[in-house]
Amino acid sequence: QVQLVESGGGLVQPGGSLGLSCVVSGSFFSINAMGWYRKTPGKERELVATITGGGTTNYGDSVKGRFTISRLAAKNAVSLQMNSLKPEDTAVYYCKGDYYSNTGLHTAWGQGAQVTVSS
């Protein structure tokens, strides 16, 4: 099985910064794209940022210019640096990874990390 374990997050004041990390472990051949999504009660899950195996990034409109996704391929890990945080960034952030195993391409999700932006 493949597991995604997130770390980081927490409470920060508006305008502050936080970082999230996600490490993939388990049995797989390779990791394809990875990304971060977020969910707040009563809203649909929202794309935050994705990064392909080749390093191409994509960001949600609401976080462009403030968040940066990076990938540590050697460690099968991805990070999200969040700057200039706003109260509306408050959400549970989930890491997503697409990986190849002997049965093909699969998707796995992390357990979620709470980010709260409040004064």
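Strands are DSSP runs of E with at least two residues, as helices are runs of H or I with at least four residues, and both are numbered from the N terminus; two strands count as paired if DSSP finds at least two bridges between them. In the hairpin of strand 7 and strand 8, where 4 residues lie between the strands, Asn 76 takes a positive phi near 45°.

The structure is a predicted model, in which local features need pLDDT of at least 70 and side-chain atom pairs count only at pLDDT 80 or more, while totals for chains, interfaces and linings use all residues. Residues are numbered from 1 along each chain as its sequence is written, and side-chain values use heavy atoms, with hydrogens and water left out.

**The sheet**

The hairpin strands belong to an open sheet of 4 strands, in the order 1-3-8-7 and with antiparallel pairing. Its edges are strand 1 (2-8) and strand 7 (67-72), each of which pairs on one side only. Neighbouring strands are turned by 15° against each other on average, direction ignored, where the axes are lines fitted to C-alpha atoms (for helices over the stretch in contact) and angles run from 0 to 180 degrees between N-to-C directions. Strand 3 (residues 18-26) and strand 8 (residues 77-82) pair over 6 bridges; within strand 8, Ser 79 is the bridge partner of Ser 21, and Ala 77 is that of Val 23. Strand 7 is likewise joined to strand 8 by 6 bridges, with Leu 80 as the bridge partner of Ile 69.

**The salt bridges**

Side chains of opposite charge can pair when their charged atoms come close. The structure holds 5 salt bridges, a salt bridge being a side-chain nitrogen of Lys or Arg within 4 Å of a carboxyl oxygen of Asp or Glu. The table lists three of them by their closest N and O atoms.

| Acidic residue | Basic residue | Closest N and O atoms |
|---|---|---|
| Glu 46 | Arg 38 | 2.8 Å |
| Asp 89 | Arg 38 | 2.9 Å |
| Asp 89 | Arg 66 | 2.7 Å |

Salt bridges that share partners join Arg 38, Glu 46, Arg 66 and Asp 89 into one network. With buried meaning under 20% relative accessible area, exposed over 50% and partly exposed in between (1.4 Å probe, protein chains only), Asp 89 is buried at 0% and Arg 38 is buried at 5%, whereas Glu 46 counts as partly exposed at 29%. Arg 66 is buried, as is Asp 89.
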